[in-house]
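Biologist: Please take me closely through one part of this model, and set that part in the context of the whole chain. I should also like to know how much confidence the prediction itself attaches to what you describe.

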Amino acid sequence: MGDKDMFGKTRKRNRMVKQNADSSITMIDTNEPIPQTIEAVRARLNEVFSECSDFLLREIACGEDSSIKMLVAYINGFVDKRVLNQDVVRPILDYFSNAKLQDKRSRTYEMLKECVVNNNDIKKAENMQQAVDNILSGEALLFIDGENRALVIGVKAPQGRQVAEPDTEVSLRGPREGFVENLLINTTLLRKRIKNPNLKLEMIQLGEQTKTDICICYIKGIANEEIVKEVRERLKKIKTDAILDSGYIEQFISDSRLSLFPTVGNSEKCDKLAGKLLEGRVAIFCDGTPYVLTAPYLFIESLQASDDYYDHAFFATFMRLIRLLALLVSNLLPGMYVALVGFHHTVIPFKLMITIAASRQGIPFSPFTEAILMIVAFELLREAGVRMPRPIGQALSVVGAIVLGEASVAAGIASNLMVIIIAITAICSFVIPPLIRATMLLRFVFLAAANFLGFLGISFVFVAVYIHLCRLRSFGVPYMAPFSPLTASDLKDSLVVVPIWAMVTRPRILRQEKTKGAAGIKRQEVRLKQ
């Protein structure tokens, strides 16, 4: 009985602590009005931002007998204090120091907004929820005694890193600018490339706790209205505490969320995003991350690169075919080797068979186990190279691969031919960065199928993967377009790249039906000399 009483008291005390903790959480009603007196505003803000050492209040008293009172509220570090003093505090003190203005006290709010504050970015907050949200977003709030509304003044300090070339998408030719973590800078970089009033930017907020700014971007008249509507609806359905990166959004809005293949694209390059928008896609910016999402995303985009459009069409076509070959090799090569050695000896030329048998002499593992061990070792080296600091990671991946390969052969754990095959597979997997995670897992599936059924197992898995790709949709658009369904007009920018002057029309699969025959379908007018 004593133990039960003790546990009962403990549970009761825990419930009381939880209730007290919940009651200490500050809640703001959506329609809570702004108090009209400065003292009440100060008390309410101190209650909301209690225990927040970076929250600052600056009271201004001016006019005769300090009869006009105002309160400036902001988060330290977000606001440029020099601009705040120069554009807000000093003009207010200078303007209201004249005693003749006391009869205009009833128009203080209008005068501040129209002719006193030297700032172009001025909005109004009509309730406490808007006021607190703007303070947390980095704005300065100006409260006036006797007013139930406040002025939102944009005096944010520049934050984040400068625009630079992205490390994840290196190009040999073309612009070097990449997106950064600042949403305003990112939209400005895009506006610099597409000087069109039809480039629409719609702002929303996601995340119950983080209230992250999200921007939906598209070109009106080019983007399919149904796709834009679908993107908007999927974003509004997201209910979560935090959106810390665009990867969160990608997982929420993707079609076939369990599929290995991405149905939402991402990029850090400004020119690449501009090209996708001009084709009719929709972009999703997320404040705090340089990765911008694009939808719809098709399989062929994984084989495309920005350099393809800046170089000769013949070279671009050759490189796309090379990328397709690299994709097939990175998935199939280890499985094909296991199938040849284990099931199809007669297909191998006699001299090559002798070489393979000699290299495998003394190896204690089967080809399948040997391939699994080598692939896992490579993935460990790759992950270590990514997670370590950059100078150390590069040295670790290169030196580790060389040492591990030579040591494995010398110890009789792996054959020379297997080391070569895994090395070729690793090199080919880096050629297609968007599909590197999908190929990493599919490689094991093909290996297992080859170990049990040989080439027949590889064929079964290949057909199953292709059927899965044909069934995939990205925001209602077939994932394998323009191959399935076959769209002849869109083949000009698929595996074979036509010259840029011959790409007259935009992708047909992305168009909206009601714009057929309209001028928005054409990219350009081409007239050849007769």
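Modeller: A residue is called buried when its relative accessible area is under 20%. F299 has a relative accessibility of 11% and therefore counts as buried. The model is a predicted one, and I shall use F299 as the entry to the part I wish to describe, namely the open sheet and the nonpolar core.

F299 is located in the loop that connects β10 with α10. Beyond four places in sequence, the residues that F299 touches are L327, L435, L469, Y479 and M480. The C-alpha atoms of F299 and S474 are 9.9 Å apart in space, although 175 residues separate the two in sequence. For the protein chain as a whole, 63% of the contacts with a separation of 6 or more are between residues 24 or more positions apart.

One of the residues touched by F299, L469, leads directly to the core. L469 is among the residues with the most contacts inside the largest nonpolar core, together with I214, V231, L235, I249, I253 and F261. This core comprises 47 residues. At least two of its residues come from each of the strands β7 (212-219), β9 (282-286) and β10 (292-295), and likewise from each of the helices α7 (225-236), α8 (246-253), α10 (313-342), α15 (436-453) and α16 (455-471). A further core, separate from this one, has 25 residues, among them I60, Y74, F96 and V117.

The sheet comes next. It is open and consists of five strands in the order β6-β7-β9-β10-β8, with antiparallel pairing. The edge positions are taken by β6 (199-206) and β8 (265-267); each has a single partner strand, so one side of each lacks a neighbour in the sheet. On average, and with direction ignored, neighbouring strands are turned by 25 degrees against each other.

At one edge, eight bridges link β6 with β7 in the antiparallel sense. Within this pair, I204 lies opposite I214 of β7. The hairpin formed by β6 and β7 has five residues between its strands, and G207 adopts a positive phi near 100 degrees there. At the other edge, β8 is paired with β10 through three bridges, again antiparallel. N266 has L293 of β10 as its bridge partner.

I214 brings sheet and core together. Apart from neighbours within four places in sequence, I214 is in contact with E202, M203, I204, L206, L235, I243, I249, I284, F285 and C286. Two of these contacts, L235 and I249, are themselves listed with I214 among the residues with the most contacts inside the core.

Helix α7 is placed across β6, β7, β9 and β10, and runs at about 170 degrees to β7. The loop that joins β7 to α7 contains N224. With a relative accessibility of 10%, N224 counts as buried. The side chain of N224 comes to 2.9 Å from the backbone nitrogen of E226.

Another group of strands can be set beside this sheet. Strand β2 (residues 68-75) has seven of its eight residues buried, so it is largely enclosed by the rest of the structure. β1 (residues 55-62) and β2 run antiparallel and are joined by eight bridges, with C62 bridged to I68 of β2. β2 also pairs with β4 (residues 140-144), in the antiparallel sense and over four bridges; there, A73 is opposite L141 of β4.

As for the chain in general, it contains 16 helices and 12 strands. Of its 530 residues, 43% are buried.

Finally, confidence. The mean pLDDT of the protein chain is 84, with 87% of residues at 70 or more. One strand of the sheet described above, β9, has the highest confidence, at 96, whereas helix α1 (residues 2-23) has the lowest, at a mean of 47. Within residues 16-23 the pLDDT is below 50, and the model gives this stretch zero contacts beyond near neighbours in sequence. Residues 514-520 also remain under 50, with five contacts beyond four places in sequence. Predicted coordinates should not be read in detail where pLDDT is low.

Note on methods: Residues are numbered from 1 along each chain as its sequence is written. This is a predicted model: local features need pLDDT of at least 70, side-chain atom pairs count only at pLDDT 80 or more; totals for chains, interfaces and linings use all residues. Side-chain values use heavy atoms; hydrogens and water are left out. A nonpolar core is a set of buried Ala, Val, Leu, Ile, Met, Phe, Trp, Tyr and Cys residues joined through side-chain atoms within 4.5 Å. Buried means under 20% relative accessible area, exposed over 50%, partly exposed in between (1.4 Å probe, protein chains only). Contact means heavy atoms within 4.5 Å. Two strands pair if DSSP finds at least two bridges between them. A polar contact is a pair of N or O atoms within 3.5 Å; within protein, one must be able to donate a hydrogen and the other to accept it, and residues adjacent in sequence count only if both atoms are side-chain atoms. pLDDT is the predictor's confidence in each residue, from 0 to 100. Axes are lines fitted to C-alpha atoms, for helices over the stretch in contact, and angles run from 0 to 180 degrees between N-to-C directions.
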